[in-house]
Amino acid sequence: MGSAVRVARETTEQVLAEWGVGPQEPCTGPALLILSELVANSVRHAAVLSPQVTVFFAGGPDAFAFGVHDRHPYRPALYTSAVAGSGRGLATVVELTLELGGSAVVRGDADEGGKSIWITLPLQRTAASRGR
């Protein structure tokens, strides 16, 4: 599990850097923690049915989004976990996302055989860094 989380974090750091989002951006540290939790959960809970985890990235001048996908059909209730405290990892993910003014959503695959958890976080970059 550790190597999957490490690779995902390193890749995310590279993507953010390539997009001009540095470590000084308020969402960078929390985004890495959120990503780590989601990848760890996928490896821990979905590996039997889904030995691969895929991370997707999307972004624009004012937002950074990433999705963690596996082929396990179970779809966690993100906001219920934050209130009920059922899974500390998902509760942390939702709490951090909301504190940053972001959103979290679970999207099922068309065949219902897997899902992605997408996190969208706002960026507060300066005008100069947006032009990169």
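## Exercises on confidence and helix packing

In this predicted model, strand β4 (residues 115–122) has the highest mean pLDDT among the elements of the protein, 97, and helix α5 (residues 127–130) has the lowest, 46.

**Exercise 1.** Determine over which residues the pLDDT is below 50, and state how the coordinates there should be read.

*Solution.* Step 1: the protein averages a pLDDT of 87, and 88% of the residues score at least 70. Step 2: the pLDDT falls below 50 over residues 127–132. Step 3: this stretch has 5 contacts in the model beyond near neighbours in sequence. Step 4: predicted coordinates should not be read in detail where pLDDT is low.

**Exercise 2.** Describe how helix α2 (residues 28–46) and helix α4 (residues 88–99) are oriented, and identify the residues that meet.

*Solution.* Step 1: the two axes come within 9 Å and cross at roughly 155°. Step 2: angles over 145 degrees count as roughly antiparallel; α2 and α4 are therefore roughly antiparallel to each other. Step 3: their crossing is left-handed. Step 4: α2 contributes P30, L33, I34, E37, L38 and N41, which meet G89, L90, V93, L96 and T97 of α4. Step 5: sorted by class, this contact has 7 nonpolar, 3 polar and 1 charged residues.

**Exercise 3.** Characterise the packing of helix α1 (residues 2–18) against α2.

*Solution.* Step 1: the axes of α1 and α2 lie 9 Å apart, at an angle of about 145°. Step 2: the crossing of α1 and α2 is right-handed. Step 3: residues of α1 in the contact include A4, V5 and L16, and those of α2 include L32, L33 and V43. Step 4: by class, the contact of α1 with α2 has 10 nonpolar, 3 polar and 2 charged residues.

Definitions and conventions
Residues are numbered from 1 along each chain as its sequence is written. This is a predicted model: local features need pLDDT of at least 70, side-chain atom pairs count only at pLDDT 80 or more; totals for chains, interfaces and linings use all residues. Side-chain values use heavy atoms; hydrogens and water are left out. Axes are lines fitted to C-alpha atoms, for helices over the stretch in contact, and angles run from 0 to 180 degrees between N-to-C directions. Helices (H or I, at least four residues) and strands (E, at least two) are DSSP runs, numbered from the N terminus. Angles under 35 degrees count as roughly parallel, over 145 as roughly antiparallel, 65 to 115 as roughly perpendicular and the rest as oblique. A crossing is left-handed if the near helix is turned anticlockwise from the far one by less than a right angle, and right-handed if clockwise. Contact means heavy atoms within 4.5 Å. Ala, Val, Leu, Ile, Met, Phe, Trp, Tyr, Cys and Pro count as nonpolar, Asp, Glu, Lys and Arg as charged, and the others, Gly among them, as polar. pLDDT is the predictor's confidence in each residue, from 0 to 100.
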